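User: I am new to reading protein structures and would like a close look at one part. Please take me through a sheet, strand by strand, and then show me what lies around it.

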Amino acid sequence: MTEAYEENAWKNVRFRPARVARPETVDDVKAIVSEARATGQKVKAVGGRHSMNHAFRTEGILVDLSKMRRTLFLDKENGVVEVEAGCTLGDAVVALAEHKLHFPSLGSWYTQSIAGAIATSTHGSSLAYGSLSDTVLEVEAILADGSVQRFSNGDEAKAMRCHLGRLGILTKVKLQLRSAFSLSCRIQSKSAPEAFQQILDTTRSNDYVSMLWIPDSDRTCTRVLTSGDDGPPNQAAMDLEQRYLDRSTLSFRIEDVLFFGLGHLYLAFPKLLSPYYSRRVEEAFCDDDGVIDTSYRVFLYDQYREPTENHRLRMIMNVEYAFDVAQLKLLLNELRTRLADLREQRHYLNYPRVHVRFAKKSDATLVGLNTDRDTAYVGIYVVGSVRHKSQIPIAEAIEEIFLRFGGRPHWGKYRYLTHSYEAYSGLERFEIVRRALDPEDMFSEEADMFQGLDRFERAPLGAMLRSACDPDEYQEIKCLKRFVS
Ligand SMILES: Cc1cc2nc3c(=O)[nH]c(=O)nc-3n(C[C@H](O)[C@H](O)[C@H](O)COP(=O)(O)OP(=O)(O)OC[C@H]3O[C@@H](n4cnc5c(N)ncnc54)[C@H](O)[C@@H]3O)c2cc1C
C-alpha cells in the first residue's frame, strides 16, 4: 500500500489506493489493466476529482489520466473533434474556441475531465440542449480483457456516454460541437410564486435559462441567456471580468474565513440576519445582467460569483436531483411549504439557495440524468464546515421530497439519504452491458458510490484553518485567471 492519501476536490472523500498510475499513452493504460487482471486488483480511473461521492474511490489501482489531455482530431467544417479522455473542459474549451467551435451547453466549472464529466452526465441549463454526454459521438476504451475498442452505436455506446467509471478506462472521446456563438444575459428578479408559475414558459422560449430561489426571502433570480453570432464582449462583460481579475488570492482567503464566521453567526441568529444574507445572495447572482460575451465565458461567470466554492473552508455539498419538468411546479411548491415549516422551527439552510436548471430529453444514454424525459434539475447546497450536524435533518427532509417526486440523484454529487435507483429506467440495460464488458467487476467496487460518505457531523476546524493558509488551496482560482485572461 502507498502511504499517500488521495482525495476529491471537495475534500469529503479520502482513501488510500494500492498505487496511483499516471499513463501517457493508450499502451500504458493497456499495461495497467493487464497488470490488474493478472494480480486480481480493482482499477478506477480519475479525471478532475470533482465528484463529491465515492465515484473514483478504490483500494486497487487508481489511474490518473491527467497526462492524456491532447486534442487529436478536428473536423472544423462539421464541428467534430476528438480529445484524449483526460483533457479538461477548460483546456478543450480554449483550444477549440481558437477553431471557432463551442460546446453547446456548459455547467459551472471547467476543471472536470471530459471522461469524468460524461461519466456522471454533467449538464448546464437549457431545454434546447442535453448534457455533455449528449455531445459524445464515439468513445475509445480499454476493457477488462485488455482490448482497445471503439463504441459509437447501440446499447454499448449509450452506456459509454454516461459510464459511471464502471465499463473500462476511456482513452479518447469524439464530440459534436457547434459554431462559435455569443450569449447575452438578462436577469429577471421575481417573487417565488410568480417565478414558479412562469419558469417553464420562460425556459421553453429561451435558449439557456436557470433559476436561483432564495427560500428565506422567497425571491428568485432567473438567468436568461440568449445566443447570437459570435462577437466582441460589451462593456458590462469586460467590467465584470476585470473586477474578478483585480482580486488577489488573499481577498479570496479573507472572504472564506469571513464566510465561515458569518455562517455560524447566521445560524445563531437566523431570523435577524436572513434578510441581509438573502439580499447579498440575490445581488451576487444578478451582477451579470446586461452582459454580452462569448458563450463559454458567460457559462462560466458563475465562477466570478462563487470563486471559492471549491475550497475546503466551505466544503459545499451540492445535493441535486433530476426530475421530469412536468413535475417542477408541484415540487417547488411543496419544497417551499416544507422549508417554511422548517424555518418556523428555527431550522435554516446554512447556504440559503435552491438552484434550478434544465436539459433536453435524450435517448443517447441509458442512465443519464435526462434520459427519456425533458429534465429539471433541483439542487440544494449545504456548507459542510458550518454547523453541519444541524443541517442534516433539513437536507434529509428535502431529499425525501426529491425521492417522492421520482428524482434521479446526480451521479457526481452528494446524498444524505440512500435508496435504490429505480428512477433510472435504463439501469437494467446498463447492467447487462456492464456485465458483458466487465464480467469480473474489475471497474466496480463492492461499496456503492454513495455509501459511507463522511457527513461532517463535526466541522473539522483545524483542517479548515490549515487550508486557509495552504498556498496550493487556491490553485484553481489562479488557473481560472489564466483561462479568462
Ligand atoms: C465546483 C464544481 C462545480 C460543478 N458543476 C457542475 C455543473 O454545473 N453541472 C453538473 O452536472 N455537475 C457539476 N459538477 C459535478 C461534476 O461535473 C461531476 O462530478 C464530474 O463527474 C466531475 O468530473 P471529473 O473529471 O472531476 O471526474 P472525477 O471526479 O475524477 O471522476 C468521476 C467519475 O468518472 C470516472 N472517470 C474519470 N475519468 C475516467 C476515464 N478516463 N475512464 C473511465 N472512467 C473515468 C471516475 O472513475 C469516476 O467514476 C460540479 C462539481 C464541482 C466540484
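Analyst: The answer below starts with one sheet and then moves outward to the ligand shell and the whole protein.

Keep in mind that the model is predicted. The sheet to look at is an open one, built from 8 strands in the order 16-13-15-14-18-19-17-20. The pairing in this sheet is antiparallel. Strand 16, residues 292–294, and strand 20, residues 408–409, stand at its edges. Each of these two has a single partner strand, so one side of each is left without a neighbour in the sheet.

Begin at the edge formed by strand 16. Its link to strand 13, residues 181–191, consists of 3 bridges, and the two strands run antiparallel. To find the place in the structure, look for S184, which has I292 of strand 16 opposite it.

Now go to strand 18, residues 354–359, which sits between strand 14 and strand 19 in the order of the sheet. How many of the residues of strand 18 are buried? The count is 5 of 6, so the strand is mostly covered, where buried means that 20 or more other C-beta atoms lie within 10 Å of a residue's own. Strand 14 is joined to strand 18 by 3 bridges, again antiparallel. On the other side, strand 18 pairs with strand 19, residues 375–383, over 6 bridges in the antiparallel sense. V356 is a useful residue for seeing both pairings: M211 stands opposite V356, and V356 also stands opposite V378 in strand 19. As a general point, side chains in a regular strand alternate between the two faces of the sheet.

A helix lies across part of this sheet. Helix 5, residues 192–204, crosses strand 13, strand 14 (208–214), strand 15 (219–229) and strand 18. The helix runs at about 20 degrees to strand 15.

Strand 11, residues 169–176, is another element to find, and it leads to the ligand. Strand 11 is mostly covered, with 6 of its 8 residues buried. Strand 7, residues 80–84, pairs with strand 11 over 5 bridges in the antiparallel sense, and V80 has Q176 as its bridge partner there. Strand 9, residues 136–142, also pairs antiparallel with strand 11, over 6 bridges. In that pairing E138 stands opposite K174.

Along with strand 4 (43–46) and helix 3 (114–119), strand 11 supplies at least two residues of the shell around the ligand. Helix 3 gives the largest share, 4 residues. There are 33 residues around the ligand, and those that come nearest are G47, G107, G116, G165 and G412. By type, the shell divides into 15 nonpolar, 15 polar and 3 charged residues.

One residue of helix 7 (249–268) is also worth finding: D256. Is D256 buried or exposed? D256 has 23 other C-beta atoms within 10 Å, so it counts as buried. The C-alpha atoms of D256 and A468 are separated by 7.8 Å, although the two residues are 212 apart along the chain.

Last, the whole protein. Its secondary structure comes to 15 helices and 20 strands. The radius of gyration is 22 Å, close to the 23 Å that the globule rule gives for 485 residues, so the protein is as compact as a globular protein of that length. Of the 485 residues, 47% count as buried. Among contacts between residues at least 6 apart in sequence, 75% join residues at least 24 apart.

Note on methods. Residues are numbered from 1 along each chain as its sequence is written. This is a predicted model: local features need pLDDT of at least 70, side-chain atom pairs count only at pLDDT 80 or more; totals for chains, interfaces and linings use all residues. Two strands pair if DSSP finds at least two bridges between them. Two residues are in contact if their C-beta atoms, placed from the backbone, lie within 7 Å. Axes are lines fitted to C-alpha atoms, for helices over the stretch in contact, and angles run from 0 to 180 degrees between N-to-C directions. The radius of gyration is taken over C-alpha atoms; the globule rule is 2.2 Å times the number of residues to the power 0.38. A residue is buried if 20 or more other C-beta atoms lie within 10 Å of its own, exposed if 12 or fewer, and partly exposed in between; C-beta atoms are placed from the backbone. A residue is near a molecule or strand if its C-beta atom, placed from the backbone, lies within 6 Å of it. Ala, Val, Leu, Ile, Met, Phe, Trp, Tyr, Cys and Pro count as nonpolar, Asp, Glu, Lys and Arg as charged, and the others, Gly among them, as polar.
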